[in-house]
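Hi,

Here is the structure I said I would pass on. Have a look at it first, and my notes follow underneath.

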Amino acid sequence: MSLAGPDNFPATSLADNLDKKLLVILRDGRKLVGILRSFDQFANVVLEQAIERIMVGELYCDLPLGLYIIRGENVVVIGELDLEKEELPPHMVRVMPSEIKRAQKAEKDATELKGTMRKRMEFLDFD
């Protein structure tokens, strides 16, 4: 991912990225990839051919969204993708949506279990 515009100077406006493929990271952690078609002064953006890229460990899945409107208050980062480079490392494995959903659930369950175990162990004083 490159956050630089023409001549390797940082882009000063979303206008520099119109009609380019971008990565948008949202406040809730979702990662969207699409072609920037429009934006306004509030960083509301319209992506064409948008996909949501879900990654769990070394697994990933691209869920097609089509034309997608993103409210600016939900945007954390917008960056141009370098089309000459691979978007993902070679060890990443593309899976079906059903498999990525199972992997997400397993990851969430493991995180919750870890939190539950930590709470149960709080009564022990190891100092």
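**Hairpins first**

In the hairpin of β2 and β3, five residues sit between the strands, and Ala43 takes a positive phi near 65° there. Before going on, some ground rules: this is a predicted model, where local features need pLDDT of at least 70 and side-chain atom pairs count only at pLDDT 80 or more, while totals for chains, interfaces and linings use all residues. Residues are numbered from 1 along each chain as its sequence is written, and side-chain values use heavy atoms, with hydrogens and water left out.

Helices (H or I, at least four residues) and strands (E, at least two) are DSSP runs, numbered from the N terminus. Two strands pair if DSSP finds at least two bridges between them. On that basis β2 (residues 31–39) and β3 (residues 45–56) pair in the antiparallel sense over seven bridges, with Val33 bridged to Ile51 in β3. β3 also pairs with β4 (residues 59–70), again antiparallel, over 10 bridges, and Met55 has Tyr60 of β4 as its bridge partner. That second hairpin has two residues between the strands, and Gly57 takes a positive phi near 60°.

**Two odd backbones**

Ala43 is not a glycine, yet has that positive phi of about 65°. It is partly exposed (between 20% and 50% relative accessible area, 1.4 Å probe, protein chains only; under 20% is buried, over 50% exposed), at 26%. Gln49 is not a glycine either, and its phi is positive too, at about 55°. Gln49 is in strand β3 and is exposed, with a relative accessible area of 57%.

**Cores**

The largest nonpolar core (buried Ala, Val, Leu, Ile, Met, Phe, Trp, Tyr and Cys residues joined through side-chain atoms within 4.5 Å) has 11 residues, including Leu14, Leu36, Leu47 and Val75. Elements giving two or more residues to this core are β1 (21–26), β2 and β3. Apart from it lies another core of seven residues, among them Ile54, Val56, Ile100 and Ala103.

Leaving aside neighbours within four places in sequence, Val75 is in contact (heavy atoms within 4.5 Å) with Val24, Ile25, Leu26, Ala43 and Ile70. So the Ala43 from the hairpin loop turns up here again.

Shout if anything looks off.

Cheers
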